[in-house]
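Student: I would like to learn how to read a structure step by step, beginning with the way helices pack. Could we go through one together?

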Amino acid sequence: MAADLAGVSRLQYTSEMRLIRVMCSGRVDMAFVLRAFLNGMDGVFIGGCRLNECNYVTHGNYHALNMVLLCKRILEHIGLNPERLKIEFMSGADANVFVDTVNGFVKRVKELGPLGQGEGMDRHELKSRLAEVSKLVPYFKMVNQEKLASRLQNPEEYDGLFPKEEIDRLFSEMVSYYIDPEKCQACMTCLRRCPVEAIVGGKGKIHVIDQEKCIKCGTCFEVCPPRFEAVRKLSGEPVPPPLPEEKRTIVRKGKEKQEKS
Ligand code: SF4
Ligand code: SF4
């Protein structure tokens, strides 16, 4: 709205920006922000309605604010300047605020230089770090669920919502899930419930988690029947190598006996 009014009022604002309209700033997922950086954007700016002026009960602008505060810490953790991400709140009548904010933001991003290059990171490293954290977005959201729903009233509290040490710990104590080949009974429950098809298995086959695809949602850990307890949750420790494919067939005791006789 403020961008529209700026246009109608013939206010000059940067042309080095690609505008994407969304119904609510709360609709901007952390995955979208990281994808924009992965696609080569040097900065991401989110404009939201003023806090406490949301017309709906959802107060999506608070969600957007919390997401930005968390995402800034994640950018910082992977070596990117958090100033490349900015959120500002304004009403539809604040055309001047919009223009000043985006012009100032673009100026700052130019000072920082191209993404990665400004931080002394090569392109390959930049892409791999961004791809790695993008994959972990569901995990970050799950772990920070409560904080992401908070409504801080005082901007002085923003910095403390996601303390740097806490985010560093989140990475160093990152959980992983592993299927114990000695316990898996190939019931296929986890394979059916995994939201990203990260579990390799089949009838009579010991199941294995593809760590590259796993988003650490913990569903497999929750759904593996208690009588098997085959899924282990590992925290800050290396995941054992997957069982070689040729050793994944489960030989049931009864069958083993039949084969011997
Ligand atoms: S934690 Fe389990 S269910 Fe969730 S993505 Fe990883 S393998 Fe799939
Ligand atoms: S739910 Fe448990 S027992 Fe069943 S296939 Fe998965 S890991 Fe194996």
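Student: In which hand does H2 pass H3?

Tutor: Two packed helices are described by the angle between their axes and by the distance between those axes. In this model, which is a predicted one, H2 passes H3 in a right-handed crossing. The axes of H2 and H3 come within 10 Å, and they cross at roughly 40°, so H2 and H3 are oblique to each other.

Student: At what angle do the axes of H2 and H5 cross?

Tutor: The axes of H2 and helix H5, which covers residues 123–135, cross at roughly 165° and come within 10 Å. That makes H2 roughly antiparallel to H5, because angles over 145 degrees count as such. The hand of the crossing between H2 and H5 is left-handed.

Student: And is the crossing of H3 and H9 left-handed or right-handed?

Tutor: The crossing of H3 and H9 is right-handed. Helix H9 spans residues 164–172, and its axis comes within 10 Å of that of H3, with a crossing of roughly 65°; H3 and H9 are therefore roughly perpendicular to each other.

Student: Now I would like to turn to empty space. What volume does the largest pocket have?

Tutor: Rolling a probe the size of a water molecule over the atoms shows where empty space is left. Here the largest pocket has a volume of about 1,700 Å³. Its lining is made up of 48 residues, and those that lie nearest the centre of the pocket are Leu19, Ile20, Phe45, Ile46 and Gly47.

Student: Which elements supply at least two residues each to that lining?

Tutor: Helix H1 (2–8), helix H2 (30–38), strand E1 (44–48), helix H3 (60–77) and helix H4 (95–112) each do so. When the lining of the largest pocket is sorted by class, there are 26 nonpolar residues, 13 polar ones and nine charged ones.

Student: How should I read the backbone angle phi, and what is the value at Met188?

Tutor: Most residues other than glycine have a negative phi. Met188 is not a glycine, yet its phi is positive, at about 70°; this residue is placed in the loop between strand E3 (175–179) and helix H10 (189–193). Glu197, also not a glycine, has a positive phi of about 50°, and Glu197 lies in the loop that runs between H10 and strand E4 (199–202).

Student: Which residues come nearest to ligand 2?

Tutor: Around ligand 2 there are 14 residues, and Met188 is one of those that come nearest, together with Cys184, Cys187, Cys190 and Cys224. The shell around ligand 2 divides into eleven nonpolar residues, three polar ones and no charged ones.

Student: And what surrounds ligand 1?

Tutor: Ligand 1 has 13 residues around it, of which Cys194, Cys214, Cys217, Gly218 and Cys220 come nearest. By class, the shell around ligand 1 holds ten nonpolar residues, two polar ones and one charged one.

Definitions and conventions: Residues are numbered from 1 along each chain as its sequence is written. Chains are lettered from A and ligands numbered from 1 in the order in which they are written. This is a predicted model: local features need pLDDT of at least 70, side-chain atom pairs count only at pLDDT 80 or more; totals for chains, interfaces and linings use all residues. Side-chain values use heavy atoms; hydrogens and water are left out. A residue is near a molecule or strand if one of its heavy atoms lies within 4 Å of it. Ala, Val, Leu, Ile, Met, Phe, Trp, Tyr, Cys and Pro count as nonpolar, Asp, Glu, Lys and Arg as charged, and the others, Gly among them, as polar. On a 1 Å grid over the protein atoms alone, a cavity is a set of points where a 1.4 Å probe fits but cannot get out, and a pocket is an open set with protein on both sides within 12 Å along at least five of seven lines; lining residues have an atom within 4 Å of a point. Grid points are joined across faces, edges and corners, and a volume is the space filled by probe spheres set on the points. Helices (H or I, at least four residues) and strands (E, at least two) are DSSP runs, numbered from the N terminus. Axes are lines fitted to C-alpha atoms, for helices over the stretch in contact, and angles run from 0 to 180 degrees between N-to-C directions. Angles under 35 degrees count as roughly parallel, over 145 as roughly antiparallel, 65 to 115 as roughly perpendicular and the rest as oblique. A crossing is left-handed if the near helix is turned anticlockwise from the far one by less than a right angle, and right-handed if clockwise.
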